[in-house]
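Grab a coffee and work through a few short exercises on one protein chain. Try each task yourself before you read the solution.

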Amino acid sequence: MASSRAPAVRVAPGRAPLPQPGPAPSPRATKNKLSEDSDAPPPKRSHIFYGSLEEKERERIAKGESGLLGRERVKAAIEAGNINITSGEVFDLEDHISERQAEVLAEFERRKRARQINVSTDDSEVKACLRALGEPITLFGEGPAERRERLRNILSVVGTDALEKTKKDDEKSKKSKEEYQQTWYHEGPNSLKTARLWIANYSLPRATKRLEEARLYKEIPEATRTSQKQELHKSLRSLNNFCSQIGDDRPISYCHFSPNSKLLATACWSGLCKLWSVPDCSLVHTLRGHNTNVGAIVFHPQATVSLDKKDINLASCAADGSVKLWNLESDEPVADIEGHTMRVARVMWHPSGRFLGTTCYDHSWRLWDLQAQEEILHQEGHSKGVYDIAFHIDGSLAGTGGMDAFGRVWDLRTGRCIMFLEGHLKEIYGINFSPNGYHIATGSGDNTCKVWDLRQRKCVYTIPAHQNLVTGVKFEPTHGNFLLTGAYDNTAKIWTHPGWSPLKTLAGHEGKVMGLDISSDGQLIATCSYDRTFKLWMAESL
Amino acid sequence: MNYIIEGKIQIIEVSLLVKMSLSKRELDELKPWIEKTVKRVLGFSEPTVVTAALNCVGKGMDKKKAADHLKPFLDDSTLRFVDKLFEAVEEGRSSRHSKSNSDRNRKRELKDVFGDDSEISKESSGVKKRRIPRFEEVEEEPEVIPGPPSESPGMLTKLQIKQMMEAATRQIEERKKQLSFISPPAPQPKTPSSSQPERLPIGNTIQPSQAATFMNDAIEKARKAAELQARIQAQLALKPGLIGNANMVGLANLHAMGIAPPKVELKDQTKPTPLILDEQGRTVDATGKEIELTHRMPTLKANIRAVKREQFKQQLKEKPSEDMESNTYFDPRVSIASSQRQKRTFKFHDKGKFEKIAQRLRTKAQLEKLQAEISQAARKTGIHTSTKLALITPKKELKEGEIPEIEWWDSYIIPNGFDLTAGVYSKRDNYFGITNLVEHPAQLSPPVDSDTPVTLGVYLTKKEQKKLRRQTRREAQKELQEKVRLGLMPPPEPKVRISNLMRVLGTEAVQDPTKVEAHVRAQMAKRQKAHEEANAARKLTAEQRKAKKVKKLKEDISQGVHISVYRVRNLGNPAKKFKIEANAGQLYLTGVVVLHKDVNVVVVEGGPKAQKKFKRLMLHRIKWDEQTSSTKGDDDDESDEESVKKTNKCSLVWEGTAKDRSFGEMKFKQCPTENMAREHFKKHGAEHYWDLALSESVLESTD
């Protein structure tokens with residue numbers, strides 16, 4: 001207001017603000033002023049003095065106008081209510097004003113805060129926020145811009161913490177609910193019990209047989225065994241890329257040998273699954289059915305051996321949660337298994353071929369009875385998605401590895417988790433049982449592969465296997481004499497089984513190794529990669 | 001009650017008179033009194049009258065008889081004389097028995113002060129201590145006092161008198177005790193009342209609150225009583241003559257009768273009390289009660305203290321056992337603070353005490369750890385109780401390579417007596433634990449929580465940045481203007497520069513340009529200073545800057561440590577070694593370097609960025625294959641040739657992540673043998689790094 005031109009006000013009326021050469025007092029006056037406050041600029045006068053009434057009043061009184069007449073008048077005025085004389089009550093202006101000032105300042109502060117608050121430009125989100133704050137989501141005639149402004153104003157009053165708090169509370173309650181979980185049981189269908197009995201009857205003789213074989217093998221003299229081993233190692237050392245085939249125009253995620261080692265099934269991110277004849281790598285079949293990335297395709301344990309071609313020979317799963325069953329004759333899936341709502345990472349056949357295990361990203365894995373054509377087990381236990389599953393060679397156990405970095409070994413007969421594989425830092429992407437029946441290998445995102453002993457219930461060795469995450473582990477299927485690991489560092493590696501020293505690095509892929517398999521006769525090794533090829537590896541000397 | 005007391009006092013007086021009639025000595029002492037009286041009555045001294053009067057008194061006559069006896073000497077003034085005489089005698093007696101008498105006086109005075117009611121209330125308030133003796137008195141009275149006091153004292157037998165005397169003294173003593181009991185300076189409640197408590201009736205109890213009020217009253221009264229007593233004492237002291245001989249006589253009489261006077265009197269007494277000893281050699285009074293005599297105190301301060309301590313200890317030991325149990329009025333909740341502080345001494349622990357405790361703690365901790373492990377395992381596998389866990393865990397530990405009869409997971413479902421050896425694999429249903437129950441084991445959250453959504457920062461283009469800055473500044477400026485407009489803050493002084501000074505301060509500039517310029521320059525300097533200060537305030541301090549740098553270098557390894565393992569063929573060059581160590585130190589990497597012939601393993605742990613830099617150092621920056629200095633190759637050509645043949649190089653063996661660091665600060669370790677190297681790694685739980693590095697080098701050499 002009167003801020004900028006304060007000196008002008010101070011100059012006497014009737015005189016121009018700018019100095020004029022005319023009258024003498026004017027420059028002197030300004031000069032005086034300058035000398036007064038020589039070190040500061042001309043001060044601003046916040047009030048204007050218009051003169052006093054005192055003199056006039058005195059004159060009036062001198063004239064004798066006061067006295068009785070005046071008093072009477074005053075009385076009359078008081079009676080009329082024109083003059084109000086209070087009884088000494090004082091209204092403190094200072095306080096009132098400072099209060100009002102504080103209010104105004106607070107309002108300024110609020111506006112400043114409001115400016116700094118970031119409010120979503122998405123109208124639906126704005127509405128959601130308003131709803132969360134307990135405000136009407138819209139007012140009559142209010143557009144998105146006004147709504148947004150309203151939300152901003154509200155937030156500037158209640159603070160942005162209000163929204164964050166509600167969000168956090170939600171998360172917390174969710175988490176605590178999960179953490180609260182303790183071991184509990186629910187009753188499954190009766191078919192589960194019958195299936196479990198069946199598995200028990202199936203697995204126990206196999207276990208005895210396996211142990212007997214192991215004893216027999218142990219009776220073979222040490223020298224023979226070592227010579228056998230050395231031979232094997234020698235042949236493995238001479239492994240070489242035998243053939244490479246472009247499988248599809250998208251990365252190939254999985255490969256699996258048929259039980260008779262004559263076919264190789266590959267799964268691709270394009271949604272196609274292909275069957276290749278081995279070892280000439282010619283396309284036999286293309287299985288069309290999946291629409292998204294296929295995670296895995298596996299042969300039935302008896303497929304191509306004793307199973308009819310028209311029977312269900314293959315099972316595959318995809319990222320959209322579809323699981324499809326195939327025979328060897330048609331291009332179309334024979335059946336769909338429905339019930340997965342999230343990505344199914346892997347499928348695996350039970351050694352008996354009667355059951356199919358699937359792992360799902362909804363933190364569960366399932367066991368399907370294909371005879372009864374139903375889901376007999378929906379097993380939870382992982383705190384994150386389950387990635388890989390493997391069955392014990394006897395058919396008695398199942399091992400699952402999850403994104404929670406833990407592995408679990410389940411007894412299929414009792415339904416119990418009999419071993420907890422804790423030690424990996426990151427997700428477990430591969431799990432496999434050794435044919436010797438008591439070793440488990442897990443491959444993880446922390447670039448290591450761990451070998452666990454079921455009998456001793458502990459991790460026996462940690463193989464610092466790769467320089468990137470390990471996508472798959474596989475024991476040699478006949479005797480388990482070596483271990484194959486594949487990883488995102490574009491290599492697959494072969495390790496001796498007890499001893500876990502590196503034998504050979506299968507390098508040749510230009511992309512990450514996504515899947516690998518060893519043929520059941522142990523002659524061929526297949527790896528498939530992100531570079532859209534799969535490669536077969538074979539010992540040269542043989 | 002009061003009446004009884006009055007009566008009693010009279011009895012005492014009479015008895016005293018009687019007693020006086022028996023004692024010649026006392027008569028001798030009375031003589032001057034009587035002479036004086038005679039002189040006063042008759043106006044002159046008359047020895048015959050005196051002797052006659054003494055005779056009368058000495059024979060224990062009453063007033064009437066005495067009057068008859070003295071009539072011939074004194075004629076009409078006989079009655080007056082006899083009255084006076086008896087008054088004098090009484091007076092003399094009263095002064096002689098200053099102490100006991102004062103007691104009685106006090107009692108009377110008290111009564112005067114408080115009135116009858118107060119007396120009663122006093123009685124009731126003093127229930128604990130006083131009532132009983134009073135009752136006793138009432139009971140005793142008929143026995144002790146055979147007849148009314150007005151009857152002739154001559155009728156009393158000697159024995160009776162003695163009994164009366166005893167009763168009287170006891171009463172007096174009790175009074176004293178009660179008073180001393182309540183009076184503040186000597187709070188020793190147990191000792192004086194030692195003989196009394198047996199007689200206390202148990203049924204006579206009062207409410208605690210009442211008791212408290214009574215107690216307060218009693219204390220108040222006692223205080224007043226004490227005051228009165230003091231006043232009396234003072235009054236008595238004003239009459240030295242009274243205390244002088246008469247007192248002595250009374251005391252002597254008392255002693256003669258074998259009654260120990262109250263202790264307080266002992267102080268004013270010059271003559272020793274007769275010492276009576278019982279068969280055990282203890283000092284006793286006439287009634288056979290044990291009394292404490294004042295002992296000769298040692299004069300040395302140390303000795304005094306020693307004796308005091310001894311006594312104190314004695315008291316401490318004895319007191320509680322003596323009467324605490326028997327005294328129903330003893331309140332065990334109230335602790336008596338001992339007047340003397342216990343002397344603090346060293347307390348030495350027995351040897352091995354703490355060792356034992358530590359051992360116990362250790363075993364306990366071990367047990368707990370074991371239990372925790374079991375429960376942990378139980379929790380993980382989803383099996384709750386340890387018994388269940390025991391059921392499913394393998395029964396015996398198998399050695400490596402041993403083949404069991406049956407796998408433990410199979411044995412769990414097989415019932416006892418199941419024939420394994422038989423080749424009968426018939427379908428059976430009698431397995432153990434096969435149900436249709438689906439387990440939901442407790443879920444463990446993953447070790448690395450990667451759930452937190454990764455948010456990308458919003459990066460603005462240069463244009464956007466400028467726009468944003470412009471907007472915010474404009475808004476701030478607007479706000480400022482608004483505030484000035486509303487008068488909430490003073491307007492800023494006009495901003496002047498050299499370039500605009502003519503416009504802003506036109507008049508003044510023209511009038512005194514130098515001054516105005518100086519002013520403008522000062523303002524400019526001020527602005528500059530404010531700006532620089534604001535910048536400096538925003539700046540981190542040296543420490544903060546350092547901390548920030550270190551924090552950035554150290555990285556966050558809570559989500560797992562990045563590890564890389566390198567193998568170097570030849571790490572003999574100290575320059576290279578130094579580079580490794582220095583870089584690891586600077587990057588805050590931990591790890592180990594194991595030097596073993598041509599397998600030198602470098603393990604480093606740390607954050608990802610540091611690893612990246614270290615990797616670049618190892619694989620690119622250090623030129624491993626460059627020839628070592630010529631000075632080394634001079635002395636032995638052979639080795640030099642060999643090293644040339646095998647070009648030195650470094651290879652990355654493995655890189656990955658682990659939960660924790662397994663090594664400490666970077667160290668170099670020379671290991672002559674493979675085993676030693678492996679042992680060294682095993683010590684840190686990282687033998688697989690060595691294994692891998694070694695086998696890789698072996699593979700390389702065979703290729």
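The exercises below concern this predicted model.

**Exercise 1.** Work out how many helices and strands chain A has, and what share of its residues counts as buried.

*Solution.* Start with the secondary structure: chain A holds ten helices and 29 strands. Next comes burial, where 47% of the 542 residues fall in the buried class. Then look at the outside: the accessible surface is about 27200 Å², and carbon and sulfur atoms account for 52% of that.

**Exercise 2.** Find the residues that make a nonpolar surface patch of about 330 Å², then place Ile85(A) and decide whether it is buried or exposed.

*Solution.* The patch is built from Val74(A), Ile78(A), Ile83(A) and Ile85(A). Now zoom in on Ile85(A): it sits in the loop that links helix H4 (68-80) and helix H5 (93-116) of chain A. Its relative accessible area is 64%, so Ile85(A) is exposed.

**Exercise 3.** Count the disulfides in the whole structure, then check Cys268(A) and Cys528(A) one by one.

*Solution.* A search over all chains turns up zero disulfides. For Cys268(A), the nearest cysteine sulfur belongs to Cys273(A) and lies 8.5 Å away. For Cys528(A), the nearest one is that of Cys255(A), at 3.9 Å. The cut-off for a disulfide is a sulfur pair within 2.5 Å, and neither Cys268(A) nor Cys528(A) is in one. To finish, check burial: Cys268(A) has 3% relative accessibility, so it counts as buried. Cys528(A), at 0%, is buried too.

Methods:
Residues numbered from 1 in each chain as written. Chains lettered and ligands numbered in written order. Predicted model: local features only at pLDDT ≥ 70, side-chain atom pairs only at ≥ 80, totals over all residues. Heavy atoms only, no water. Helix = DSSP H or I, 4+ residues; strand = E, 2+ residues; numbered from the N terminus. Buried < 20%, exposed > 50% of the residue type's maximum accessible area, 1.4 Å probe, protein only. Areas by Shrake-Rupley, 256 points an atom, 1.4 Å probe, with all protein chains shown as cover. Patch = residues over 30% accessible without salt bridge, like charges linked within 9 Å, V, L, I, M, F, W, Y side chains within 5 Å. Salt bridge = Lys/Arg side-chain N within 4 Å of Asp/Glu carboxyl O.
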